[in-house]
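Me: I'm new to this structure and would like a close look at one part of it. Could you walk me through the aromatic rings?

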Amino acid sequence: MSAMTEGSARALNGLVTHGWNRAAQLYNFPVLQRLAYRPPQHEIIAQLRMSRAHRIADVGCGTGILAARIARELRPQVVYGCDASVGMLKQARSRSDQVQWRNRRAEDLGLPDGAVEAVVSTHAFHFFDHAAALAEFHRILVPGGLLAIVLNSPRSRWAMALQPPAVQGLAYFPPPDEMRALVEAAGFTITEQRPVRRPLPNSMVPDVLTVARR
Ligand SMILES: C[S@@+](CC[C@H](N)C(=O)[O-])C[C@H]1O[C@@H](n2cnc3c(N)ncnc32)[C@H](O)[C@@H]1O
């Protein structure tokens with residue numbers, strides 16, 4: 001990573017997930033969900049539908065809205081909802097019993113090699129140790145498996161300024177070209193990269209979807 005050293009940022013990841021334990025209370029607020037979080041989830045569902053994946057991991061699943069939607073709408077064989085925060089997972093568990101919730105870090109998911117056909121992640125990758133998480137996604141995916149990640153692009157300065165201070169200090173948002181390089185360095189082939197479609201101007205919530213195959 002370029003903005004901080006791996007060590008300094010990731011050593012503080014415990015602080016981030018502790019923060020999310022508290023934020024879990026506010027997270028499901030409907031306006032926040034509709035404007036910020038739901039459009040990327042629509043994109044991920046569409047990607048999964050096209051890929052016909054039957055074994056799926058949602059990493060940094062938070063309160064489990066996307067993982068529960070995947071289970072409900074796509075009815076795959078298995079969905080793992082993985083998150084480092086106990087507080088977020090507590091809400092997730094009450095949302096669905098169709099998902100296998102796992103209190104695991106992105107960098108060490110504890111699943112066997114080739115366990116899944118798709119790894120997805122929305123608004124969480126900026127907290128991960130990027131290289132370690134991508135290596136872990138590569139390990140648990142079958143050859144040809146789908147990787148779909150949404151995260152904010154740091155190119156919108158004022159959108160970044162709206163991030164809570166804890167996020168600004170402890171997360172790192174790779175710009176799209178750096179994201180491509182990271183994903184390719186982990187052994188994936190990029191198939192698509194573009195802004196997420198949403199009802200707001202993209203400059204307001206500048207999410208970028210990156211899709212790749214193992
Ligand atoms: C902004 S929330 C996103 C939740 C969900 N993906 C969504 O789009 O609604 C970020 C989540 O990433 C989780 N997280 C942060 N670092 C993590 C790590 N290293 N491994 C797994 N989860 C992590 C936090 O606990 C939090 O639940």
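Is Phe125 buried or exposed, and why does it count that way?

Reply: Happy to go through it. One thing up front: this is a predicted model. Phe125 has a relative accessibility of 0%, so it counts as buried, given that the cut-off for buried is under 20%.

Now for the company Phe125 keeps. The ring of Phe125 pairs with the ring of Phe128, with 5.9 Å between their centres. Their planes sit at 75 degrees, so this is an edge-to-face pair, the label used for angles over 60 degrees. Phe128 is buried as well, because its relative accessible area is 8%.

Phe128 has another partner too. With Phe137, Phe128 makes an aromatic pair that is also edge-to-face: the centres are 6.4 Å apart and the planes are at 80 degrees to each other. As for Phe137, its relative accessibility is 0%, so that residue counts as buried.

Put the pieces together and you get a cluster: ring pairs link Phe125, Phe128 and Phe137. Phe128 takes part in the pair with Phe125 and in the pair with Phe137. The count for aromatic pairs comes to 2, so if you follow Phe125 to Phe128 and on to Phe137, you've gone through both of them.

If you want to find this in the 3D view, start at Phe125, which is buried, step across to Phe128, and then carry on from Phe128 to Phe137.

Conventions
Residues are numbered from 1 along each chain as its sequence is written. This is a predicted model: local features need pLDDT of at least 70, side-chain atom pairs count only at pLDDT 80 or more; totals for chains, interfaces and linings use all residues. Side-chain values use heavy atoms; hydrogens and water are left out. Rings of Phe, Tyr and Trp (its six-membered ring) pair if their centres lie within 6.5 Å; planes under 30 degrees apart count as stacked, over 60 as edge-to-face and the rest as tilted. Buried means under 20% relative accessible area, exposed over 50%, partly exposed in between (1.4 Å probe, protein chains only).
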